[in-house]
Amino acid sequence: MYKTQFLLLLFSFTFCFSQTLQNLPEGPYGGGRGYEGVISDLSGFEVVSDFPSLIAAINNPSITKVYINTTIQIPWGEKIVISKDNFVLAGDRGLNTTGNSQIIKDNQQDHASIETITVLGDHVRITGLEIQGPGQLDGGMVDKALRGILFENTVGGEVDNCNLKDWTREAIVVRGNNT
């Protein structure tokens, strides 16, 4: 009896999983060679190259698209908060200039902010960025449980074509009433 139930469950799972795979579109997903979601047309984007201009652009109510064209170091005690709906934070990952669009969390002890990017707006897309955490401090000690991106009570958030590395906790957290 148990063997029959197990085989039925295994068959059902295999059938559902294979049906799901058959319904996926072809091509790379979320980034990589041939990925079509790379941002190459900067029309309508506010291009920023330092932390103060990034924060100013995010806080400007008329700006909904921000493009990072260099490495931005997040200062000690600071973080990025995106509270607008339908916002895009983008970089050059996937283009020939790859390696320029980075957000790096300062590796000093930072007890003022746990997340580097907090998303509070709906339908926010983060794409084409390398987002690097502090990793371990000198001597191999982990500073604190730091996260890369937190989506808090949002709908329709997307992170694609990004390289998230060196986080001492989760690189991406989705918390609250997300769909």
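How many bridges join β6 to β9, and in which direction do the two strands run? Three bridges join β6 to β9, and these strands run parallel, where helices (H or I, at least four residues) and strands (E, at least two) are DSSP runs numbered from the N terminus, and where two strands are taken to pair if DSSP finds at least two bridges between them. The model examined here is predicted, so that local features need pLDDT of at least 70 and side-chain atom pairs count only at pLDDT 80 or more, whereas totals for chains, interfaces and linings use all residues. Residues are numbered from 1 along each chain as its sequence is written, and side-chain values use heavy atoms, with hydrogens and water left out.

Within the pairing of β6 with β9, Q102 stands opposite E130 in β9. Strand β6 (residues 102-105) is also joined to β3, by four bridges, and these two strands likewise run parallel; here I72 stands opposite I103 in β6. Both faces of β6 are covered, with Q102 and I104 buried on one side and I103 and K105 buried on the other; buried denotes under 20% relative accessible area, exposed over 50%, and partly exposed the range in between, with a 1.4 Å probe and protein chains only.

The largest nonpolar core comprises 26 residues, and those with the most contacts inside it are L54, I80, L89, I117 and I126. A nonpolar core is here a set of buried Ala, Val, Leu, Ile, Met, Phe, Trp, Tyr and Cys residues joined through side-chain atoms within 4.5 Å. At least two residues of this core are supplied by each of α2 (51-59), β2 (65-68), β3 (71-74), β4 (80-82), β7 (115-119) and β10 (147-152), and the largest share, four residues, comes from α2. Leaving aside neighbours within four places in sequence, L89 is in contact (heavy atoms within 4.5 Å) with ten residues' worth of surroundings that include L54, V66, I68, I82, I103, I117 and I126, as well as R125. A second, separate core of five residues includes F45, Y67, V88 and A90. In soluble globular proteins, nonpolar side chains tend to be buried together.The buried residues of α2 are F51, L54, A57 and I58, and they lie on the same side of the helix because they cover an arc of only 130° around the axis, the arc being that of the directions from the helix axis to the C-beta atoms. These buried residues pack against β1 (46-48), β2, β3, β4 and β5 (88-90), whereas the face of α2 turned away from the buried side carries the exposed residues P52 and N59.

One aromatic pair is present in the structure. The rings of F45 and Y67 have their centres 6.1 Å apart and their planes at 80°, so the pair is edge-to-face; rings of Phe, Tyr and Trp (its six-membered ring) pair if their centres lie within 6.5 Å, and planes under 30 degrees apart count as stacked, over 60 as edge-to-face and the rest as tilted. This pair links distant parts of the chain, since F45 is in the loop between α1 (2-22) and β1 and Y67 is in strand β2, 22 residues apart. Both F45 and Y67 are buried.

Side chains of opposite charge can pair when their charged atoms come close. With a salt bridge taken as a side-chain nitrogen of Lys or Arg within 4 Å of a carboxyl oxygen of Asp or Glu, the count comes to seven salt bridges. One of them joins R125 to D160, with the closest N and O atoms 2.9 Å apart; R125 lies in strand β8 (residues 125-127) and D160 in strand β11 (residues 158-160), so the pair ties together parts that are 35 residues apart in sequence. R125 is buried, with a relative accessible area of 18%, and D160 is buried as well, at 4%.

A salt bridge is also formed by the side chains of K165 and E130, at 3.3 Å from N to O, and this pair links K165 in strand β12 (residues 163-165) with E130 in strand β9 (residues 130-132), 35 residues apart. K165 counts as partly exposed at 32% relative accessibility, whereas E130, which stands opposite Q102 of β6, is buried with a relative accessible area of 16%.

In a further salt bridge, R147 is joined to E170, the closest N and O atoms being 2.9 Å apart, with R147 in strand β10 and E170 in the loop between β12 and β13 (172-175), 23 residues apart. R147 is buried, with a relative accessible area of 9%, while E170 is partly exposed, with a relative accessible area of 30%. Salt bridges that share partners join E115, R147, R169 and E170 into one network.
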